[in-house]
Structure formats: C-alpha cells, structure tokens
Amino acid sequence: KRIDKACLEKKPDLTIVMIGTNDMNSNKYIPLEQYKHNLSKIIDSILHAHSKVLLMNVLPMYAPYLFTRHPKAFYGEEGPEGRLAEMNAAILKIAQTKAVTFLDIHHFFEKVGDVGLDKSSFIRHELNSHMTDGIHPTPDGYRAIAIAVYECIKCNHLPHERVVCFGDSITKGDGTIDGKSYPAYLKRLLQN
C-alpha cells in the first residue's frame, strides 16, 4: 500500500528493499506464499519505474523474546528459526529470478553480530537497550547495515544519486533520515 508514495513518487535510481520481519512476526502474519507474491509484485513495480533494486533478507532474531509476544504455536512446527530460514530462502530465490542485487545481511549479523544476550549484540535486548526486543538493531547494528549496503552499492556499481530505502520498522529505525537508522547512516556514507 505504501509503495507509490514512499518509493515510486520519489523516482529513485536505486531502491533498497528490506521487508519481511513484520510479515513473519506480527499479529498480521503473512503466509509464505502470499509474502512471495507480495514481494514479487513490489519488485516488479520498482523495476517498472526504472529503478535498480538491492534486496536484503531478514535479520536473525533472539527467539526467546519472540515467545513473550506470541505463543510457540504461532510459529507452527518450524518455529521462528524455521520460518525465518524459509523466508530468507524465498527472498534469495526472488532476487535470482528477478535478476536484482542481493545482500545477505542475515549472514553478516549471524556471523559477527553477536545475536543473543551478549552486550555487544547488534540486536536490542535488555543489557544493551533495556528492552526485551530481540528483533530491531542497536545503533551499532544500524551502522553495520549501512556499511554493508554501502559496500554492496560500490562493489556492484549500483546507481546512488537518488536512493530510497523501502521496508518495515527495521528500515524506519528511529524514524529520521538524520538520526540512528541505517538509511541515515547510509546517507552520510553516500554524501560526497
């Protein structure tokens, strides 16, 4: 519903897409087949508007906190980790099918983001943010996303004069383009 106003009207030459966290974890859960359809439609709309696409997958999460919001049954037999793996596999497949640039930000966070209860974790928890979040990045996590996206843009020679970051609450971050969101940090990196 937001694609026209939040993205296409801005006529980007590059659109960075990171969606799926809310689709798999919120009360408005979107089954995988519907999610794949929706994501394909969004990417088609962006490509039709002559924007390149950089598609990112969904970050790892700290599952024990998820169970404070939803019963284990909410995640079905596969659990949150299984649901996340299926979603990320679908995102990769869509990126390959649509021939768009893919950034495996999940792998980056999983390998060096200390996801869990370590104070240095890139994901918010009680020790590093006084929140039982388990989903959203810390300021360090947002900076890490921005650096990974910046390097991906540069390595793939993607246009970056007019960039739109399109996504859910992880993309929104603190809600500003000059604060502590990955789009804010990316904006600083892309400025001459």
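Colleague: Why is Glu33 called exposed?

Modeller: Glu33 has a relative accessible area of 55%. Exposed means over 50%, buried under 20% and partly exposed in between, computed with a 1.4 Å probe on protein chains only. The value for Glu33 is over the limit of 50%, so the residue is exposed. This is a predicted model, in which local features need pLDDT of at least 70, side-chain atom pairs count only at pLDDT 80 or more, and totals for chains, interfaces and linings use all residues. Residues are numbered from 1 along each chain as its sequence is written, and side-chain values use heavy atoms, with hydrogens and water left out.

Colleague: What makes the pair of Lys36 and Glu33 a salt bridge?

Modeller: A salt bridge requires a side-chain nitrogen of Lys or Arg within 4 Å of a carboxyl oxygen of Asp or Glu. The N to O distance between the side chains of Lys36 and Glu33 is 2.9 Å, so the pair meets the criterion. Both residues lie in helix 3, 3 residues apart, about one turn of the helix. Helices here are DSSP runs of H or I with at least four residues, and strands are runs of E with at least two, numbered from the N terminus. Lys36 is partly exposed, because its relative accessibility is 26%. By the same rule the count comes to 5 salt bridges.

Colleague: Why can such side chains pair?

Modeller: Side chains of opposite charge can pair when their charged atoms come close.

Colleague: How do you know that Asp44 and Lys98 form a salt bridge, and what does the pair tie together?

Modeller: The closest N and O atoms of Asp44 and Lys98 are 2.8 Å apart, which satisfies the salt-bridge rule. Asp44 belongs to helix 3 and Lys98 to helix 5, so the pair ties together parts that are 54 residues apart in sequence. Asp44, at 37% relative accessible area, is partly exposed, and Lys98, at 22%, is partly exposed too.

Colleague: How do you know that helix 3 and helix 5 meet, and which residues do so?

Modeller: Contact means heavy atoms within 4.5 Å. On the side of helix 3 (residues 32–48), the residues that meet helix 5 include Leu32, Tyr35, Lys36, Leu39 and Asp44. On the side of helix 5 (residues 79–98), those that meet helix 3 include Glu86, Met87, Ala90 and Lys98. The residues of this contact divide into 9 nonpolar, 1 polar and 4 charged. The two helices pack at an angle of about 35°, with their axes 10 Å apart; axes are lines fitted to C-alpha atoms over the stretch in contact, and angles run from 0 to 180 degrees between N-to-C directions.

Colleague: What makes Asp140 and Arg143 a salt bridge?

Modeller: Their side chains are 2.0 Å apart, N to O, and the rule is therefore met. Asp140 and Arg143 are 3 residues apart in helix 8, and so are separated by about one helical turn. Asp140 is partly exposed at 40%, as is Arg143 at 33%.

Colleague: Why is Ser51 called buried?

Modeller: The relative accessibility of Ser51 is 4%, which is under the limit, so Ser51 counts as buried. Ser51 is placed in the loop between helix 3 and strand 2. Among the residues that Ser51 touches, not counting those up to four places away in sequence, are Pro12, Leu14 and Ile46.

Colleague: What makes the pair of Ser51 and Thr15 a polar contact?

Modeller: A polar contact is a pair of N or O atoms within 3.5 Å; within protein, one must be able to donate a hydrogen and the other to accept it, and residues adjacent in sequence count only if both atoms are side-chain atoms. The side chains of Ser51 and Thr15 are joined at 2.9 Å, so the distance satisfies the limit.

Colleague: Why is Asn25 called buried, and which side chain does Asn25 meet in a polar contact?

Modeller: Asn25, in helix 2 (residues 21–25), has a relative accessibility of 6% and therefore counts as buried. The side chain of Asn25 makes a polar contact of 2.9 Å with the side chain of Tyr75.

Colleague: Why is Thr101 called buried?

Modeller: At 17% relative accessibility, Thr101 lies under the limit and so counts as buried. Thr101 belongs to strand 3 (residues 101–103). Apart from neighbours within four places in sequence, the contacts of Thr101 include Val53, Leu55 and Cys152.

Note on methods
Nonpolar A, V, L, I, M, F, W, Y, C, P; charged D, E, K, R; others polar.
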